[in-house]
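Hi,

Here is the structure I promised to pass on. Have a look at it first, and my notes on what turned up follow below.

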Amino acid sequence: MKLSKAQYDEIAQFLGHVQPTRQSLRKLKEKFPRYLNGVMKSAAAPVLLDLANEVDFAPSLMARIVLERFLQEKEQTVPSKTLINSMLRDPSQIPDGVLANQVYQCTVNDCCYGPLVDCIKHAIGHEHEVLLREMLLEKNLSFIAEDQLRAKGYDKTPDFILEVPVAVEGHIIHWIESKASFGDESSHQAHLQDQFWSYWNRFGPGLVIYWYGFIEELDCHRERGILLKDCFPTDIVTLRHSMAQR
């Protein structure tokens, strides 16, 4: 699935009405004292979750804010990100049973952020990497996988490097990256800067598969060596196939 920038902007503008804002944060700060009043009445009541929903704020982010404040006041120092993330993943580590329950309710009821969502994203990403591996094997394409490259000491590596380059839609491909997400402007620009251009510098031109589609105007670096697709290409030309046609 590909969307034009105009189509994407229309969808993003609609979703923008329900996303967190500075106004939501201000309301959150004003309503913070209600948390203590609420849990005093019923420790099991989803007070933080209700507050997050009331001010239209992501429950996991609400839990993070309150947890950071709690630990800072308890330890008189700013807690590390590692500690916060560990407690969000496993609320039983939180040294307050009531707050641990509140954080747990927030994380399991958040469909956009938090450790549970991160686990789901990781599982979906792995599933599509396995799918891509199977497709490469079906095409009898020799490759080196990311884990093999990391074992050799490479830091930033694509999911698969082709041992013998192929051609897709007239473009030479040395590597393939799987993205189990939709390619919007923000995420794609971040991937370009943090990953794709590094792959290009080290391994040459390559292919990125956004399995859930992308904004078609983003596929503008083909001539420079980065091709975007929303599925596994069906028109792969191998060196063997090319030599057989001569």
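A definition before anything else: two strands count as paired if DSSP finds at least two bridges between them. Please also keep in mind that this is a predicted model.

With that in hand, start at strand β4 (residues 171–179), which runs parallel to β5 and is joined to it by 5 bridges. One facing pair there is glutamate 177 and valine 208, the latter in β5. To get from β4 to β5, the chain passes through helix α10 (residues 185–203), and this β-α-β crossover is right-handed. On β5 there is also a pairing with strand β7 (residues 226–229), again in the parallel sense, over 4 bridges. In that pairing, glycine 206 sits opposite isoleucine 226 of β7.

How buried is β5? For strand β5 (residues 206–210), 5 of the 5 residues are buried, so the strand is largely enclosed by the rest of the structure. In a regular strand, side chains alternate between the two faces of the sheet. Both faces of β5 are covered: Gly206, Val208 and Tyr210 are buried on one side, and Leu207 and Ile209 are buried on the other.

Next, the charged pairs. Searching the whole structure gives 7 salt bridges. Here are some of them:

- Lysine 179 and glutamate 177 meet through their side chains in a salt bridge, at 3.5 Å from N to O. Lysine 179 has a relative accessible area of 11% and is therefore buried, the cut-off for buried being under 20%. Glutamate 177, at 4% relative accessibility, counts as buried too.
- Glu169, Asp219, Arg222 and Lys229 are joined into one network by salt bridges that share partners.
- Glutamate 73 forms a salt bridge with arginine 69, and their closest N and O atoms are 2.8 Å apart. Because the two are 4 residues apart in helix α5 (residues 59–75), about one helical turn separates glutamate 73 and arginine 69. Glutamate 73 is partly exposed, with a relative accessible area of 48%, and arginine 69 is partly exposed at 43%.
- Glutamate 146 and arginine 150 form a salt bridge between their side chains (3.2 Å, N to O). Both lie in helix α9 (residues 146–151), 4 residues apart, which is about one turn of the helix. Relative accessibility is 21% for glutamate 146, making it partly exposed, and arginine 150 is partly exposed at 44%.

Now over to helix α7, where you will find glutamine 102. Is glutamine 102 buried or exposed? Its relative accessible area is 0%, so glutamine 102 is buried. A polar atom of the glutamine 102 side chain lies 3.0 Å from the backbone nitrogen of leucine 48.

Helix α7 also holds valine 108, which counts as partly exposed at 36% relative accessibility. Valine 108 belongs to a nonpolar surface patch of about 350 Å², made together with Tyr104, Leu116 and Ile120. Which helices supply the residues of this nonpolar patch? At least two come from each of α7 (97–108) and α8 (115–138).

That is what I have on this one.

Cheers

How values were computed:
Residues are numbered from 1 along each chain as its sequence is written. This is a predicted model: local features need pLDDT of at least 70, side-chain atom pairs count only at pLDDT 80 or more; totals for chains, interfaces and linings use all residues. Side-chain values use heavy atoms; hydrogens and water are left out. Patches are made of residues with over 30% relative accessible area and no salt bridge: like charges are joined within 9 Å, nonpolar side chains (Val, Leu, Ile, Met, Phe, Trp, Tyr) within 5 Å. Accessible areas come from the Shrake-Rupley method with a 1.4 Å probe; for residues, only the protein chains shown count as cover. A salt bridge is a side-chain nitrogen of Lys or Arg within 4 Å of a carboxyl oxygen of Asp or Glu. Buried means under 20% relative accessible area, exposed over 50%, partly exposed in between (1.4 Å probe, protein chains only). A crossover is right-handed if, with the strands pointing away from the viewer, the path from the first strand over the helix to the second runs clockwise. A polar contact is a pair of N or O atoms within 3.5 Å; within protein, one must be able to donate a hydrogen and the other to accept it, and residues adjacent in sequence count only if both atoms are side-chain atoms.
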